[in-house]
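Please read the following report alongside the sequence and the coordinates. The sections take up the two chains in turn and then the place where they meet.

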Amino acid sequence: MPAASLPVETVSLFLALLFVGAMIIIVTAVVLGVIRLATGRLPAAVLPLVNEVRPVALVLAFIAPTTAMLGSLYYSEIAGFDPCHLCWVQRFLMYPSSILLGVALLMKRPSLAWLPFQLSLVGLGVSTYHRVEQQWPNLFSESCDPLNPCSGRWVNTWGFVTIPTMAFAAFGLVCVFVPLSLLGPKEATS
Amino acid sequence: MTSSSSSGGGSRGFILAIVAVCMLGAGLIAVVISTGAGDDPDAVETTAPVTIEGDILPQMPSVGGVTNASNDDAIGQTAPRLVGTDFDGNEVVIEADGRPKAVYFVAHWCSHCQAEVPVVASLIDQGKLPEGMDVYGVSTSVNAGQGNYPPNRWLDGADGWNVTTMRDSEENEALINFGAGGFPFVVYLDGDNTVLARSAGELDSAGIEQAWALTAGGVPSGS
């Protein structure tokens with residue numbers, strides 16, 4: 001394994017902390033989404049915050065996959081972790097999302113963000129499948145691939161934050177912030 | 001709305017500043033915590049050089065269970081002689097010593113190995129290993145970033161694995177020279193180090209005993 005300029009443990013802990021923050025945002029967004037679906041409106045208490053975040057939602061959506069992309073490049077190119085097949089699938093979904101969201105921001109064409117949103121929806125499924133395979137490899141095979149198994153965990157911070165876990169969070173943030181940026185009228189307080 | 005629009009640039013900057021501060025804070029916490037973490041005083045070298053004498057065996061075919069002469073080209077070939085060390089640094093030799101043997105290649109992160117190791121250990125404890133036959137382990141594919149690390153803590157732990165176990169090299173040379181099948185990967189040898197069968201993946205107790213009986217009998221699988 002090539003020597004890393006930044007310790008893998010430090011980078012993994014940094015990304016795991018970001019993962020925690022991301023999951024707080026995602027869970028909050030899901031809860032608010034369910035409330036809005038059920039009642040037709042968001043709770044009044046959160047409207048000011050939602051309306052403050054909406055103008056920067058596309059920037060936040062861009063930051064998530066870009067951070068994930070840089071993290072994955074660190075793991076493969078600096079730490080020397082070979083991506084498995086499912087890691088590559090998630091890369092194919094994550095990297096274009098980052099680039100397209102950057103283009104949408106630079107060209108001020110927010111509608112371009114719908115494609116990364118759709119890619120991220122697929123990515124959520126792939127990262128969930130990958131994480132399940134890591135947790136219960138017996139579900140998918142009778143033996144462990146000795147070369148580069150998708151069930152292996154190059155990163156395992158706190159015993160559960162693995163690379164697909166972090167990818168899930170990045171995809172999830174895109175799925176939260178893109179609709180927030182593009183969908184629906186502002187529910188501004190008067 | 002007017003006041004919201006006029007202050008929009010400021011609030012946008014404020015939110016992005018909060019995000020930046022959170023990310024910087026996470027980075028700072030990560031550096032402080034990981035710098036403060038000391039080395040494990042019980043740590044041992046989990047890999048060690050292995051000397052290999054002989055020809056490499058053909059790649060393990062993608063078949064489940066125990067192979068036979070119709071699907072495994074390695075059967076009938078002589079396995080390489082391995083000279084290495086266990087986790088305590090004692091020399092371990094796997095060679096043509098006149099005794100049939102089963103060589104278990106296990107990886108600490110592999111859930112199938114984690115399931116198989118206690119079963120093998122239990123069978124040995126129950127005296128199910130045929131008379132005159134040996135079992136060896138090879139700890140291979142070690143990766144500090146993966147689960148159940150280090151392998152010595154796992155194999156010396158509660159699973160009752162009292163089997164002489166060699167450390168594979170960092171490049172997994174022992175595994176590769178034996179044909180690198182899916183874990184747990186087992187190579188069954190007669191007393192001349194001739195391959196009788198190989199298996200990739202978890203076997204149940206009956207399957208393990210059957211493979212051992214075949215090995216002790218010295219008859220190539222499928223003959």
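## The first helix of chain A

In this predicted model, the buried residues of α1(A) are Val8(A), Val11(A), Ser12(A), Leu13(A), Phe14(A), Leu15(A), Ala16(A), Leu17(A), Leu18(A), Phe19(A) and Ala22(A). Helix α1 of chain A runs over residues 8-39, and its 32 residues, taken at 1.5 Å a residue, should span 46 Å; the C-alpha atoms at its two ends are 46 Å apart, so the expected and modelled values agree. Just after α1(A) comes Gly40(A), whose phi is positive, at about 85°.

## Thr66 in the third helix

Further along chain A, helix α3 covers residues 57-78, and Thr66(A) is found within it. Is Thr66(A) buried or partly exposed? A residue needs 20 or more other C-beta atoms within 10 Å to be called buried, and because Thr66(A) has 18 C-beta neighbours inside 10 Å, Thr66(A) counts as partly exposed. Although Thr66(A) and Ile99(A) are 33 residues apart along the chain, their C-alpha atoms are separated by 8.1 Å.

## Where the chains meet

The contact between the two chains involves 29 residues of chain A and 37 residues of chain B. On the side of chain A that touches chain B, the elements giving two or more residues are α1, α2 (47-53) and α3 of chain A, and of these α1(A) gives the most, with 8 residues. By residue type, this side of chain A divides into 18 nonpolar, 6 polar and 5 charged residues.

## The sheet of chain B

Chain B holds an open sheet of 3 strands in the order β1-β3-β4, with antiparallel pairing. Strands β1 (51-53) and β4 (91-94) of chain B each have a single partner strand and stand at the edges, which means that one side of each is left without a neighbour in the sheet. From one strand to the next, the twist averages 10°.

On one side of the sheet order, β1(B) pairs with β3 of chain B (residues 81-85) in the antiparallel sense over 3 bridges. Within this pairing Ile52(B) has Leu82(B) as its bridge partner in β3(B), while Glu53(B) stands opposite Arg81(B). The two faces of β3(B) are distinguished by their cover: Leu82(B) and Gly84(B) form the covered face, whereas Arg81(B), Val83(B) and Thr85(B) form the uncovered one.

The pairing of β3(B) with β4(B) is also described as antiparallel, and 4 bridges join these strands. Here Thr85(B) stands opposite Glu91(B) in β4(B). The hairpin made by β3(B) and β4(B) has 5 residues between the strands, and in this hairpin Gly89(B) takes a positive phi near 90°.

## Confidence in the model

For the model as a whole, the scores are ipTM 0.74 and pTM 0.70. Chain B has a mean pLDDT of 87, with 89% of its residues at 70 or more. Over residues 1-6 of chain B, however, the pLDDT is below 50, and this stretch has 2 contacts in the model beyond near neighbours in sequence. Where pLDDT is low, the predicted coordinates should not be read in detail.

Note on methods. Residues numbered from 1 in each chain as written. Chains lettered and ligands numbered in written order. Predicted model: local features only at pLDDT ≥ 70, side-chain atom pairs only at ≥ 80, totals over all residues. Pairing = 2+ DSSP bridges. Axes fitted to C-alpha atoms, helices over the stretch in contact; angles between N-to-C directions. pLDDT = per-residue confidence, 0-100. Contact = placed C-beta atoms within 7 Å. Expected span 1.5 Å × (residues − 1). Buried ≥ 20, exposed ≤ 12 C-beta atoms within 10 Å, placed from the backbone. Nonpolar A, V, L, I, M, F, W, Y, C, P; charged D, E, K, R; others polar.
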